[in-house]
Amino acid sequence: MSIKREQGFTLIELLIVGVIVCILATLVAMTYSGVQAKNRNANRQTSIDTIQSKLEAYYAQASKYPSLAELNDPQWRQNNLNKLAAHDTRDPSWNERITGCTAGDEAIFSSSPVEKCYSYQSTATDGSVCDSLQVVCTQYTLTTILEGGEKYVKSSLN
């Protein structure tokens, strides 16, 4: 007489497979989110570099930099910063609920660094605040906060 054993997986074997699948899924999710953060940071840096090049081109023509109010005026940007796209002035993680850099439903530059926003600070030669009409802006600082907390800063070249 032979005893017929049922074939199949034991509960322990199934638990081990389940744990391995969970570990692999976690690793994939963490890697994917890290890649996405690096892409957003690269977009931030590219946008800041693009804005800096447009500001320097404007300075070469006007011998001054724009004030914060001018830079936040879409009509002024269209007229003076040749082909600066709207998406270049908006952080990849920006949304309308961010109060530090939103006017209506549009992204604007903040006066000091804020997460998910670009900031622009323009000053006169003596370091005082400028308005570009009475006090000429001779230098600026562009800043964005990268995911991970680092700041990416570009300053005027003159």
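**Exercises on a predicted model**

The structure, a predicted model, holds 2 disulfides.

**Exercise 1.** Determine which cysteine is joined to Cys-101, and describe the handedness of the link.

*Solution.* Step 1: the partner of Cys-101 is Cys-117, with an S to S distance of 1.9 Å. A pair of cysteine sulfur atoms within 2.5 Å is taken as a disulfide, so this pair qualifies.
Step 2: the angle about the S-S bond is -65°, and the link of Cys-101 and Cys-117 is left-handed.
Step 3: Cys-101 lies in the loop between helix H3 (74–80) and strand S1 (102–103), whereas Cys-117 lies in the loop between strand S2 (106–107) and strand S3 (118–123); the pair therefore ties together parts that are 16 residues apart in sequence.
Step 4: Cys-101 and Cys-117 are both buried.

**Exercise 2.** Characterise the disulfide of Cys-130 and Cys-137, and establish whether each cysteine is buried or exposed.

*Solution.* Step 1: Cys-130 is joined to Cys-137, with an S to S distance of 2.0 Å.
Step 2: the link of Cys-130 and Cys-137 is right-handed, with 100° about the S-S bond.
Step 3: a residue counts as buried under 20% relative accessible area. Cys-130 has 7% relative accessibility and therefore counts as buried. Cys-137 has a relative accessible area of 0%, so Cys-137 is buried.
Step 4: with bonded cysteines counted along the chain, the disulfides of the protein follow the pattern 1-2, 3-4.

**Exercise 3.** Locate Ser-156, classify its accessibility and list its contacts beyond its neighbours within four places in sequence.

*Solution.* Step 1: Ser-156 is found in the segment after strand S5 (151–155).
Step 2: the relative accessibility of Ser-156 is 16%, and therefore Ser-156 counts as buried.
Step 3: once neighbours within four places in sequence are left aside, Ser-156 is in contact with Glu-56, Tyr-65, Thr-138, Gln-139 and Tyr-140.

**Exercise 4.** Place Ile-20 in the secondary structure, classify its accessibility and identify the nonpolar surface patch to which it contributes.

*Solution.* Step 1: Ile-20 is found in helix H1, which covers residues 11–62.
Step 2: partly exposed residues fall between the limits of under 20% for buried and over 50% for exposed. Ile-20 has 44% relative accessibility and so counts as partly exposed.
Step 3: Ile-20 helps to make a nonpolar surface patch of about 890 Å². The patch is made by Leu-11, Ile-12, Leu-15, Ile-16, Val-19, Ile-20, Ile-23, Leu-24 and Leu-27.

Definitions and conventions: Residues numbered from 1 in each chain as written. Predicted model: local features only at pLDDT ≥ 70, side-chain atom pairs only at ≥ 80, totals over all residues. Heavy atoms only, no water. Patch = residues over 30% accessible without salt bridge, like charges linked within 9 Å, V, L, I, M, F, W, Y side chains within 5 Å. Areas by Shrake-Rupley, 256 points an atom, 1.4 Å probe, with all protein chains shown as cover. Salt bridge = Lys/Arg side-chain N within 4 Å of Asp/Glu carboxyl O. Helix = DSSP H or I, 4+ residues; strand = E, 2+ residues; numbered from the N terminus. Buried < 20%, exposed > 50% of the residue type's maximum accessible area, 1.4 Å probe, protein only. Contact = heavy atoms within 4.5 Å.
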